[in-house]
Amino acid sequence: MENDCMKHGAFGWFELMTTDTGGAKRFYADLFGWEYEDMPIGPDSTYTVVKAGGKAVAGIMALPEECKGMPPSWDIYITVDDVDATAAKVESSGGKVLRPPCDIPEVGRFAVLADPQGAVIMAMTYLQKQA
């Protein structure tokens, strides 16, 4: 494990999905002094890595097509050793799988989950980087 964020059960990543990435970037840069690194994620999309003190701490992206109509929100990713096993356990624990496990190329595998009260959280198993 590289750091504490990569341990099972730890808060690993935070992500803003919004309808106005430019406005969000200006707002948070002014408020917190964040810096950004834009990365293309397709022919028409960009993922922005948020940096605080030069360290990547979060991401900003446009709401994906399947999320249109939802309000902008900050999402929390919890690191897990096996996202498929975690997703399989959700319903027996009283929650719901809102998006089954799927791959993010060169990052890992994630699922969107809801707890019994309906609060949404993401679970992520990161790819192990070869040294």
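In this predicted model, Phe 11, Phe 14, Trp 74 and Ile 76 together make a nonpolar surface patch of about 360 Å². Two strands each supply at least two residues of that patch: S1, which covers 11-18, and S5, which covers 73-79. Phe 11, for one, is found in S1.

Let's turn to the helix. H1 takes in residues 21-32, so to speak a run of 12 residues by the DSSP assignment. From its first C-alpha to its last, H1 reaches 16 Å, close to the 16 Å expected at 1.5 Å a residue. Which residues of H1 are buried? They are Gly 23, Ala 24, Lys 25 and Tyr 28. The buried residues of H1 pack against S1 and S5, the two strands that also contribute to the nonpolar patch. Their other packing partners are S2 (35-40), S3 (46-52) and S4 (55-62).

Two backbone angles are worth a look as you browse the model. Here they are side by side:

| Residue | Phi | Place |
|---|---|---|
| Gly 33 | positive, near 75° | follows H1 |
| Glu 106 | positive, near 65° | loop between S6 (96-104) and S7 (108-114) |

Most residues other than glycine have a negative phi. Glu 106 is a residue other than glycine, and its phi is positive. Is Glu 106 buried or exposed? Glu 106 counts as exposed because its relative accessibility is 68%, and the cut-off for exposed is over 50%.

Technical notes: Residues are numbered from 1 along each chain as its sequence is written. This is a predicted model: local features need pLDDT of at least 70, side-chain atom pairs count only at pLDDT 80 or more; totals for chains, interfaces and linings use all residues. Side-chain values use heavy atoms; hydrogens and water are left out. Patches are made of residues with over 30% relative accessible area and no salt bridge: like charges are joined within 9 Å, nonpolar side chains (Val, Leu, Ile, Met, Phe, Trp, Tyr) within 5 Å. Accessible areas come from the Shrake-Rupley method with a 1.4 Å probe; for residues, only the protein chains shown count as cover. A salt bridge is a side-chain nitrogen of Lys or Arg within 4 Å of a carboxyl oxygen of Asp or Glu. Helices (H or I, at least four residues) and strands (E, at least two) are DSSP runs, numbered from the N terminus. The expected span of a helix is 1.5 Å times one less than its number of residues. Buried means under 20% relative accessible area, exposed over 50%, partly exposed in between (1.4 Å probe, protein chains only). Contact means heavy atoms within 4.5 Å.
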